[in-house]
Every structure is written in C-alpha cells, then in structure tokens.
Amino acid sequence: MKELHNFIILNLVIRCFVSSQTTLSIADYHPFPKEVNILNINPDILEWGVAGSFLLLDQKENQLVSIGNLTGFQTVGGFGLNSYSFSEPIWVGIEPNGISIIDRLDNKIIYLDYRLNFMSEIRLKPKLFPELAGIDKRGVLYIYSSQYHSVFQFEKRRLNKIPHIDLNRFQNIDYCIIKLAVNQDGDVGLLDCNKFVHLFSKHGEYKGAFRSDIINPSFLVPIREHWLVFNEMGRGKSIFDKITDVKIPDVSTPVIDIKNMNRSLAVLSKDHISILNVNFK
C-alpha cells in the first residue's frame, strides 16, 4: 500500500509540472478508507480537521465523516445510522473548542467534540435559513442568508441580528451567491453567479468587485494575499493577477470541493483528497 501511495504521488507531481503555467506542487494524497464505499458515502463538502484529519460532509445523506491517521474513521448523522441526525447541513468547520455544523432547515448550529460526539446546539434567531458560511482564525462565523441577502456574524455563540454586510445596499451585487470565503486577515469574499468576486474587509467595508476569467467558476479560495477562483475541471486563476494560471492535476478532477490552509489546498475528488502546495512566482 505504501508503494502504491508513493507511486500515485510521483505521477501527480509529474502531471503537475508539465505545464509552465502551473504553480501547484503535490504534497500528499489520501485515498478514501474502505468504509466510505461500504457505507455508500459521497461527500460534497471538505474541511480540514485536527491532527492531520479531514471532515467530509455528505449533504444528500446528511452524514458527517472524520478520517485521519489519529482519529481513524468516525461518522455521525445519516438516516437511522446514529443517535444524532441533521436536517440539512450546509457547512462544517473547526473552531477552538470542537467542530461546528450549520443546519439550514432547523436554523441551528450544532457543536460536536473532535470525535464527533454531540455537545450542544444553538438556534438562530431570527431564522436566517443560512446557505453559505465561513470562519476566521478567531472563530467568528460569517453566515450568508439569501432570505436577507446579507452576511451575519456569529461570535461567542451569539448571533448579531444586525447584518455585518447588507448586500441590498449594492446594486452591482447579484442575488445569486455561489461561494463565501474568509481569508487570513478576516476579509470576506463572495463569488456571485456573474463571475464577480466581491471583497469586504473584516469590518464589513466594501473593497470592490473583481471579474474572474475562469469559465464556469465554482470555488473561491483565499491564499495569503491572493484570491483564487477555480472551476470543476480544476482550472484556476487569481483575481488580482490575470496571468497567474493554476491547474489541478487531471487525476483529481472533476473537483468536488477545495479548501485552503496557509499555503496549501485540500482538493476533494470522488475517491480521494489531494494536498497541493501553492507557489506564487
């Protein structure tokens, strides 16, 4: 198994460097454990976990999975599989005291420990029916609600009822928002259906709109001072530097989800997670 793992990584590295435009390098490759196939889990949301683990959320089956060398394979949710279930989970993330999950239909945030044991939950009032979310390094949640067309802050387990970013004030921002992301400085980025990325400071001040050149953009990923937009075929570009093209290796496409950590990307594919280091030249 180790030899196969190394062989796959070597082939990914070769594929990654054949193009002079590529600024990605392969760091690691994680095939799904056999339990994922046995339980017919098809994750569509990926998040970095703790101690080298990953969180995988299957929204269709309402099931959360944790995989990693230290944590092993753990799962919660699903239909009749566990003592605790979700109605419509739309986001999962790590915060200082554990794992938080946003349930859209039930308008609540659920707290689990790192072994996916239920700890507590908090109802959102007013009812936002949240669709997108992101978290900054302080543990502040930014929640987008299309019903209010606004981004709200959830901090210290309390929802600020006044929108942090009221998008209704901006005529150039589409009502169709695809992705929300938060960078290392706490700036918030929104990718809309018209290929525009709208940036806001951590204080909610509008920093401008930037059009992406990528065909059918689906993912918004902040890396340091850059904001990268990717499509499902793995093609990406910085919104600030129009000549910076990046390409995720074909073996990891179509892309299901992408998440960043420092200068690395975790790319979710149908049967594995690949870790890519981003090197800007």
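# A first look at a strand-rich predicted model

Let's start in a loop: P254 sits in the one between β22 (245-247) and β23. The bond leading into P254 from T253 is cis, with omega near 0 degrees, and we'll come back to it below. What you have in front of you is a predicted model, and its protein chain has 2 helices and 25 strands.

**The chain as a whole**

- Buried residues account for 51% of the 281 residues in the protein chain.
- The chain exposes about 13700 Å², and carbon and sulfur atoms supply 51% of that area.
- Take the contacts in the chain with a separation of 6 or more: 40% of them link residues 24 or more positions apart.

**The largest pocket**

- The largest pocket holds about 1000 Å³ of space.
- There are 40 residues lining this pocket, and the closest to its centre are E47, I135, V182, K259 and N260.
- Several strands give two or more residues each to the lining: β2 (45-48), β6 (89-95), β10 (132-135), β15 (177-182), β19 (217-223) and β23 (257-261).
- By residue type, the lining splits into 21 nonpolar, 9 polar and 10 charged.

**Two residues of strand β2**

- E47, one of the residues closest to the centre of the largest pocket, belongs to strand β2.
- E47 has a relative accessible area of 14%, so it counts as buried, the cut-off being under 20%.
- If you skip the neighbours within four places in sequence, E47 is in contact with F54, L55, V92, G93 and K259. One of these, K259, is also among the residues closest to the pocket centre.
- L46 is in strand β2 as well, and at 0% relative accessibility L46 counts as buried.
- Again leaving out neighbours within four places in sequence, the contacts of L46 are F54, L55, L56, D257, K259, A266, V267, L268 and I273.
- L46 and V65 are 19 residues apart along the chain, and their C-alpha atoms are separated by 9.8 Å.

**S25 and the far end of the numbering**

- S25 is part of strand β1 (residues 24-31).
- Is S25 buried or exposed? S25 is buried, because its relative accessible area is 14% and buried means under 20%.
- Along the chain, S25 and V278 are 253 residues apart, yet 6.6 Å separates their C-alpha atoms.
- The side chain of S25 is also joined to the side chain of N279 by a polar contact of 3.2 Å.

**S274 in strand β25**

- Strand β25 (residues 272-278) is where you'll find S274.
- With a relative accessible area of 1%, S274 is buried.
- Which side chain does the side chain of S274 make a polar contact with? The partner is the side chain of S252, at 3.1 Å.
- Not counting residues up to four places away in sequence, S274 touches D28, Y29, S252, L265, A266 and V267. Two of these, A266 and V267, appear among the contacts of L46 too.

**Cis peptide bonds**

- Most peptide bonds are trans, which makes the following two worth a look.
- One is the bond from K125 to P126, which is cis with omega near 5 degrees. P126 lies in the loop between β9 (118-123) and β10.
- Another is the bond from T253 to P254, cis with omega near 0 degrees. As said at the start, P254 is in the loop between β22 and β23.

**Positive phi values**

- Most residues other than glycine have a negative phi, so here are two that go the other way.
- R157 has a positive phi, near 60 degrees, and its place is the loop between β12 (150-155) and β13 (158-159).
- At 37% relative accessibility, R157 counts as partly exposed, because that value falls between the 20% and 50% cut-offs.
- N216 has a positive phi too, near 50 degrees, and N216 lies in the loop between β18 (206-211) and β19.
- Is N216 buried or exposed? N216 is exposed, because its relative accessible area is 57% and exposed means over 50%.

Conventions: Residues numbered from 1 in each chain as written. Predicted model: local features only at pLDDT ≥ 70, side-chain atom pairs only at ≥ 80, totals over all residues. Heavy atoms only, no water. Helix = DSSP H or I, 4+ residues; strand = E, 2+ residues; numbered from the N terminus. Buried < 20%, exposed > 50% of the residue type's maximum accessible area, 1.4 Å probe, protein only. Contact = heavy atoms within 4.5 Å. Areas by Shrake-Rupley, 256 points an atom, 1.4 Å probe, with all protein chains shown as cover. 1 Å grid on protein atoms, 1.4 Å probe; cavity = no way out; pocket = protein on both sides within 12 Å on 5 of 7 lines; lining within 4 Å. Points joined across faces, edges and corners; volume = space filled by probe spheres on them. Nonpolar A, V, L, I, M, F, W, Y, C, P; charged D, E, K, R; others polar. Polar contact = N/O pair within 3.5 Å; in protein donor to acceptor, adjacent residues only side chain to side chain.
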